[in-house]
Amino acid sequence: MILHCDQKDEGILIKFKHGVTDPSGILSSWSSNEKDCCKWKGVHCDNITHRVTELHLPCDTIQFDEILDKDNEKPHCLSGELDMSSLSDLEFLSYLDLSNNDFKTIKTCNHNNCSSSIHYLDLAYNYNLANDHNNMLHQISHLCSSLQYLDLSGIDLYKEIDWLESLTSLSSLLELHLDDCKPQSINPSLQYANFTSLKVLSLSNNDFSSTLPPWLFNLSHISYIDLSQNYLHGQLPQSKPKLLSLETLCLYGNDLDGPIPDWLGQLDQMKALDLSYNNFVGPISTTLRNLSSLLIELRLHSNLFTGTISEKSFHFLSNLKNLGLGSESLIFEFDAKWIPSFQLQVLSLEYLGPKFPSWIYTQSALEFLYIGNSRASFEPLGKFWNFTTQLEVLVLINDSINSDISNVLLDSKLVIMQLNNFSGSVPQVSPKVVHLDLSHNNLSEISPFLCQKTKGKWNLETLFISDNALSGEIPNCLMNWTSLLQVNLGNNNLRGKIPHSIGSLSRLFFLSLEENKLSGEVPLSLKNCKNLRYLSLGENTFSGAIPSWIDHRINIFQLGSNQFSGNIPTEICRFRSVKILDLSNNKLSGPIPNCLNNLTSMISPHASMDVFKVLIHTKYSKRGFGYLYFRLVTKYTVLHYEHSIFLIALSSNNLSGTIPSELFMLVGLQSLNLSQNQFMGPIPQDIDNLAALESLDLSSNLFSGQIPQSMSGMSFLEVLNLSCNNFEGKIPSGTQLQSFTNLSYVGNPKLCGPPLTKICPQDKKLPNGKQRTETDGDDDDDNSEVHSWFFMGLGIGFATSFWGVLGAVFFNRRFRHAYFRFLNQFHDIVIHKVLIAWGS
């Protein structure tokens, strides 16, 4: 007798299928054509009972050549509502993997008797998954009380209340993965957390900004801890904790300081220790000699360690495969004839010098090499470049290699060589190279590289050569590089037009040519780049009309600081996924189109936490991704961030008319700049619909009427400039609008009330109750304010210099708020931060 799956289980699966959106037919086999549901895609049944026990339905996005940011539509993945309450009716379901799909909401049980037998639950990287009641973890822990594995990485848990308390109720939990979830606190004052069975805890990239919690060191059964990239500060405890079973401790990318405690060398089960990119101090040689002989990974570079490192430090570490060392005050003293007993696969070294360690050349198994801030001579360079041909990943950052690399052949899959003062032409690459980043060097010529020939097929997907000295024209050889996905040639001296062969790059989704001397119209052939999502052409001399044929799925449309003319085409209203719309500092005229409400990406009321990622296919890049870093350039600041902001910048044009009411439907908009135009009319009362607005600049227009009282309730507003208009009446009272300086309002002669010094007529009463008229002195005060505004505006570039290029803003909320606060206070500071994190 042939058994088929249980009819009840089949009915539940069909209900689940009908409740989700499945655009690419992932669940197409779930039909009557296949009568046994145990043979449906992703369904696993018990061999004896034929009851459904597992669902494996992760979405594969690598094959679609997509950029995986948090609001990417993932058009082929499962979407809609995730009905967990329905799946809980599968009585024997123990394994559920729906990771990397695009579910929007989650539905859990609404009654107390609902429970599930699920032991393994993976919903990671459903970036848009939300719960209306902000208690997703509480409901999941209630529904799946027997969970042993939980992965919600990439899901926004910022508003989750008591997340730790919800999870500690899961007494059977063995593995917990909440990477990149941004829960509010790690509970640094809590002494004990009731994770009685927990063995794996991964909480990386959550920006906790606190000290290490005591409860972490009381987890006696824990074997794996990852708290990397969390802005954690303070010191490791000096007394030995209860981490007797600890095998992996990953704390890289924090602000931890103090010495390494002795107990780290006494954990005899330790296999991986990563303390890199912190501020640890003191000698480390003793700790190294005490580490377990089981150690496979040791990463201590980018700290403040002192002392000497020699071959004696590695006497017992014969199993090392991954080594990272180097601090500015750490001295390397290796015997020139020393041959290590280990064979490394990954090596990260910093502050080498004065000699390049010859033992590196003995590492025949090495696949990943990072050398940063080196003072060592790489001579003879020929030997070094020949050695790199065995590598899969080569990273050279800020090293003392001042040489012409025109004749070098790069042969590693991933090559990052930034800040090295390389000169000459862009070097040749082999078909093996997939990712090439030569940013921040002194390379002068790109034509030989782009026009080189090969017998095979190029596989290059990433070409970043920004911030160099490239000159001349971009040659019309791009048809040779059809594999390219992302290109950044920004901040060079390139001239001429974009070649028509750009249309050959059908896979291209990221193109940045900003800050060059390029001219002409945007070529129509770019229309063939059907996958283009990020287009940055700012700060050139492009002319003609704004291209109206750009694909409607564009995310970033940055054409600021050029010479485009004509009207803003209504076709931009098709940009349903746009986050940055920057047309500032051009020669545009006419009104703002009245269809902006079609920019549906800006209609969400939730703040943007999007992370832009590029595909980098190496086993040393987490989940196969690297980060795209975008640059904001202002008069005082250069910032590199990977998070985005919803922004519309139309400043410094000749636009006119009134603000269309449709603009105020974009409730997710965070920055709006309409300054230096000819707009007129009042500010509509419903401006407070833009509740997420953090920055608003309407200065130097012809706006009139009173400032709406509703603006006093816009609590996120941190930058405001209404100066040089025709506003009148009293500035609405309330802590919000009065928190700005008078520079936000000057140049409006009929405006009065705090923070301006001009007192409103209704507020100036004589003792007998008669109202006093304004005196000439008041007018003089007002004129003085206007003059003060103009002189200070010239001095600090408050309006034009700042807003003319703000379309390039891409940064996270924490730093954005800090930056807006410093602007509001007019502190002349310079911030230049570039975060690069490759490897584990």
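Where is S525 found? In this predicted model, S525 sits in the loop between β35 (517-520) and β36 (534-536).

## The loop at S525

S525 is buried, with a relative accessible area of 14%. The cut-off for buried is under 20%. The side chain of S525 reaches the backbone oxygen of H500, at 2.8 Å.

H500 also appears among the contacts of S525. Setting aside neighbours within four places in sequence, S525 is in contact with P499, H500, I502 and G503.

## The chain as a whole

The chain has 840 residues, and 57% of them count as buried. Its secondary structure comes to 10 helices and 55 strands.

Take the contacts with a separation of 6 or more. Residues 24 or more positions apart account for 57% of these. The chain exposes about 33,200 Å². Carbon and sulfur atoms supply 50% of that area.

## Nonpolar cores

The largest nonpolar core has 211 residues. W385 and F557 have the most contacts inside that core. F557 touches L535, I546, P547, I550, F575, V578, I580, L581, D582 and L583, not counting residues up to four places away in sequence.

There is also a second, separate core of 10 residues. Among its members are Y534, I556, I580 and I645. I580 is thus a member of the second core and is also touched by F557.

## Strand β4 and its partners

Strand β4 covers residues 79-83. Four of its five residues are buried, so β4 is largely enclosed by the rest of the structure.

On one side of the account is strand β1 (residues 20-21). Two bridges join β1 to β4, and the two strands run antiparallel. V20 has G80 of β4 as its bridge partner. On the other is strand β6 (residues 102-107). Five bridges join β4 to β6, and this pair runs parallel. Here G80 stands opposite F103 in β6. G80 therefore figures in both pairings, with V20 and with F103.

## Disulfides

The count comes to six disulfides. A disulfide is a covalent bond between the sulfur atoms of two cysteines. Three of them are described here, beginning with C451 and C477. The sulfur atoms of C451 and C477 are 2.0 Å apart. With 80° about the S-S bond, this link is right-handed. C451 lies in the loop between α7 (447-450) and β30 (462-464), and C477 in the loop between β31 (471-473) and β32 (486-488), so the pair ties together parts that are 26 residues apart in sequence. C451 is partly exposed, with a relative accessible area of 28%. C477 is buried, at 14%.

C573 and C595 form another disulfide, their sulfur atoms 1.9 Å apart. The link of C573 and C595 is right-handed, with 75° about the S-S bond. C573 lies in the loop between β39 (563-566) and β40 (580-582), while C595 lies in the loop between β41 (587-590) and β42 (613-615), so this pair ties together parts that are 22 residues apart in sequence. Both C573 and C595 are buried.

## C752, C760 and other cysteines

A disulfide also joins C752 to C760, with an S to S distance of 2.0 Å. The torsion about the S-S bond of C752 and C760 is about 105°, so the disulfide is right-handed. C752 is buried, with a relative accessible area of 4%. C760 counts as buried too, at 1% relative accessibility.

Are C144 and C529 buried or exposed? C144 is buried, with a relative accessible area of 0%. C529 counts as buried at 3% relative accessibility.

## The loop at T49

T49 lies in the loop between β2 (43-45) and β3 (52-56). This residue is partly exposed, with a relative accessible area of 47%. The cut-off for exposed is over 50%, so T49 falls in the class between buried and exposed.

T49 and D6 are 43 residues apart along the chain. Their C-alpha atoms are separated by 8.4 Å.

Conventions:
Residues are numbered from 1 along each chain as its sequence is written. This is a predicted model: local features need pLDDT of at least 70, side-chain atom pairs count only at pLDDT 80 or more; totals for chains, interfaces and linings use all residues. Side-chain values use heavy atoms; hydrogens and water are left out. Buried means under 20% relative accessible area, exposed over 50%, partly exposed in between (1.4 Å probe, protein chains only). A polar contact is a pair of N or O atoms within 3.5 Å; within protein, one must be able to donate a hydrogen and the other to accept it, and residues adjacent in sequence count only if both atoms are side-chain atoms. Contact means heavy atoms within 4.5 Å. A nonpolar core is a set of buried Ala, Val, Leu, Ile, Met, Phe, Trp, Tyr and Cys residues joined through side-chain atoms within 4.5 Å. A disulfide is a pair of cysteine sulfur atoms within 2.5 Å. Accessible areas come from the Shrake-Rupley method with a 1.4 Å probe; for residues, only the protein chains shown count as cover. Two strands pair if DSSP finds at least two bridges between them.
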